[in-house]
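This report describes one protein chain, beginning with its charged side chains and ending with two single residues. Please keep the sequence and the structure in view while reading.

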Amino acid sequence: MDNQEIENYMAASRIRTCRRRKRDALKQYDKQLLQYNRKKKELWQAWNRRGYTELDPPVMKGYKRYFVLREDVARSRDGEFFQELLKKINTYDYSHRKDFKVKKRRRGRKIHVLREQQLLQPVDYHFKKMKLTPKERNCFEERVRYCKNGIDQIKYFVVKEPWRFVLQVRPNMITKQRVTAPELRSEIDQLDNFLKRNQLEPKIWSLTRSKQAGWRKWLPECKIKYQFKQYTLQQLLQEEWYE
């Protein structure tokens, strides 16, 4: 039999070539890794869905601090309006000290300084998702701050009248406890150790995520660096261009 007859016979009998067998083995290996990844997601979803049990009696763990309406504002005509607004912009802070002071080193000495707490200051995209009414939007003013690189600007919104809200400190009472699931946690740890020990996480990452979706793609282009790109060297050296 010549080569053409051998190829026709293999195509008719569906005998896999050596290259086809290697490719199928790699596909099967990738499918097994994806199965491990799905199993890991299912285990973590089950871990996050575990419920709570009531504590009897409740346990006190430190103190919590949050904003409340001033008494005169709560008794005013717009008391209900500001109470609904406070539910959307309130912040909570926790500490083991009732005075909420923290240690800071100043001029070589350690002193206790009151920890600052402010109302929610949402950025631009978060402010649009808060579903505020037009009257509630008028209670904010827009401000701008610079990022750590000193170039990019971030828009954020601040309450115009923060004096309407005051801080209140209350004991932090814990009334519920998360359900312990030792068998589920043991299964999660076994799968994580298997993936780390065999160094399978980088391969799973490349299979489940796009290679072009990097955080550097979202950075804005530096305009200062390329401001002379459209001019030639002769134009840059001309005195009229500088004038």
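A salt bridge is a side-chain nitrogen of Lys or Arg within 4 Å of a carboxyl oxygen of Asp or Glu. In this predicted model, R65, D93 and R115 are linked in a network of such bridges. The structure holds 14 salt bridges.

**The chain as a whole**

The chain has 243 residues, and 20% of them are buried. Its secondary structure comes to 10 helices and 7 strands. About 20700 Å² of the chain is exposed, and carbon and sulfur atoms supply 50% of that area. Among the contacts in the chain with a separation of 6 or more, 67% are between residues 24 or more positions apart.

**Three salt bridges**

The table gives three of the salt bridges, with the distance from N to O.

| Pair | Distance, N to O |
|---|---|
| K40 and D192 | 3.7 Å |
| E71 and R75 | 4.0 Å |
| E136 and K88 | 3.1 Å |

What does the salt bridge between K40 and D192 tie together? K40 lies in helix α2 and D192 in helix α7, which covers residues 182–197, so the pair ties together parts that are 152 residues apart in sequence. K40 counts as partly exposed, at 23% relative accessibility. D192 is buried, because its relative accessible area is 12% and the cut-off for buried is under 20%.

E71 and R75 form a salt bridge in which the closest N and O atoms are 4.0 Å apart. E71 counts as exposed, at 61% relative accessibility. R75 also counts as exposed, with a value of 66%.

The side chains of E136 and K88 meet at 3.1 Å, N to O. E136 belongs to helix α6 (residues 134–137) and K88 to helix α4 (residues 79–89), so this salt bridge ties together parts that are 48 residues apart in sequence. Is E136 buried or exposed? E136 is buried, with a relative accessible area of 5%. Its partner K88 is partly exposed, at 32%.

**Helix α2**

Helix α2 runs through residues 18–48 and contains R19. R19 is one of four residues that form a positive surface patch, together with R23, K27 and K31. The relative accessible area of R19 is 67%, so R19 is exposed, the cut-off for exposed being over 50%.

N37 is also placed in helix α2. At 15% relative accessibility, N37 counts as buried. Which residues is N37 in contact with, leaving aside its neighbours within four places in sequence? These are I204 and T208. K40, described above for its salt bridge with D192, lies in helix α2 as well.

**A residue in a strand**

K110 is found in strand β4, which covers residues 109–114. With a relative accessible area of 57%, K110 is exposed. Not counting residues up to four places away in sequence, K110 touches K104 and R105.

**Summary**

Helix α2 holds residues in different settings. R19 is exposed, K40 is partly exposed, and N37 is buried. Through K40, helix α2 is joined by a salt bridge to D192 of helix α7. Helices α4 and α6 hold the two partners of another salt bridge, K88 and E136.

Key: Residues are numbered from 1 along each chain as its sequence is written. This is a predicted model: local features need pLDDT of at least 70, side-chain atom pairs count only at pLDDT 80 or more; totals for chains, interfaces and linings use all residues. Side-chain values use heavy atoms; hydrogens and water are left out. Helices (H or I, at least four residues) and strands (E, at least two) are DSSP runs, numbered from the N terminus. Buried means under 20% relative accessible area, exposed over 50%, partly exposed in between (1.4 Å probe, protein chains only). Contact means heavy atoms within 4.5 Å. Accessible areas come from the Shrake-Rupley method with a 1.4 Å probe; for residues, only the protein chains shown count as cover. Patches are made of residues with over 30% relative accessible area and no salt bridge: like charges are joined within 9 Å, nonpolar side chains (Val, Leu, Ile, Met, Phe, Trp, Tyr) within 5 Å. Lys and Arg count as positive and Asp and Glu as negative; His and the chain ends are not counted. The place of a charge is taken as NZ of Lys, CZ of Arg, CG of Asp or CD of Glu.
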